[in-house]
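Reader: I am new to this structure and would like a close look at a single part of it. Could you choose one helix and take me through how it sits among its surroundings?

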Amino acid sequence: MNGRSQLALVLSSALAGFAWGIVRHRGHRQARPLALLQAVEWFVAAGGAAWMIEHARDALEGLSDPDERITHLRRVASEHDEIGA
């Protein structure tokens with residue numbers, strides 16, 4: 001997914017989350033802050049936080065190849081009993 005379409009997805013998710021929050025909390029005296037929180041939740045769930053971090057990193061480091069970055073490392077260790085040893 002290119003950057004522009006990903007941005008459109010996360011922003012539309014945030015907007016939908018805000019609208020849902022307004023509908024869900026209508027009549028509550030804290031409806032707008034709760035709707036804003038809902039918008040942030042949907043933004044993060046749609047990958048908005050990862051998008052922001054990626055673009056902040058690119059701005060600080062310059063354009064880099066995302067294939068060169070290690071995002072996580074997993075090591076699996078196991079013990080096996082040898083039969084007849």
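Author: Buried residues make up 19% of the 85 residues in this chain, and since what you see is a predicted model, everything that follows describes that prediction. The secondary structure comes to 3 helices and 0 strands, and along the sequence the pattern reads α-α-α. The part I would look at is α2, which runs over 31-45.

Let us begin with the helix on its own. The 15 residues of α2, counted at 1.5 Å a residue, should span 21 Å, and the C-alpha atoms at its ends are in fact 21 Å apart, so the expected and the modelled values agree. Within α2, the buried residues are A31, A35, Q38, A39 and F43. Viewed down the axis of α2, these buried residues fall within an arc of 140°, which means that they line one face of the helix. The spacing along the sequence helps to make sense of this, because an α-helix has 3.6 residues a turn, so residues three or four places apart point the same way.

The next matter is what that face meets. The buried residues of α2 pack against α1 and also against α3, the helix at 48-61. Two packed helices are described by the angle between their axes and the distance between the axes. For α1 and α2, the axes come within 7 Å and cross at roughly 145°, and the crossing in which α1 passes α2 is right-handed. On the α1 side, the residues that meet α2 include V10, L11, A14, F18 and W20, while among their partners in α2 are A31, A35, Q38, A39 and F43, the residues named above as buried.

It remains to look at the two ends of α2. Before the helix, in the loop between α1 (3-24) and α2, lies H25, which counts as buried because its relative accessible area is 17%, and buried means under 20%. Leaving aside the neighbours of H25 within four places in sequence, H25 is in contact with A31 and L34, and A31 is itself one of the buried residues of α2. Just after α2, G47 takes a positive phi of about 100°.

Stepping back to the chain as a whole, 40% of the contacts between residues at least 6 apart in sequence join residues at least 24 apart. The accessible surface of the chain comes to about 7500 Å², and 58% of that surface belongs to carbon and sulfur atoms.

Methods: Residues are numbered from 1 along each chain as its sequence is written. This is a predicted model: local features need pLDDT of at least 70, side-chain atom pairs count only at pLDDT 80 or more; totals for chains, interfaces and linings use all residues. Side-chain values use heavy atoms; hydrogens and water are left out. Helices (H or I, at least four residues) and strands (E, at least two) are DSSP runs, numbered from the N terminus. Buried means under 20% relative accessible area, exposed over 50%, partly exposed in between (1.4 Å probe, protein chains only). Contact means heavy atoms within 4.5 Å. The expected span of a helix is 1.5 Å times one less than its number of residues. The arc is that of the directions from the helix axis to the C-beta atoms. Accessible areas come from the Shrake-Rupley method with a 1.4 Å probe; for residues, only the protein chains shown count as cover. Axes are lines fitted to C-alpha atoms, for helices over the stretch in contact, and angles run from 0 to 180 degrees between N-to-C directions. A crossing is left-handed if the near helix is turned anticlockwise from the far one by less than a right angle, and right-handed if clockwise.
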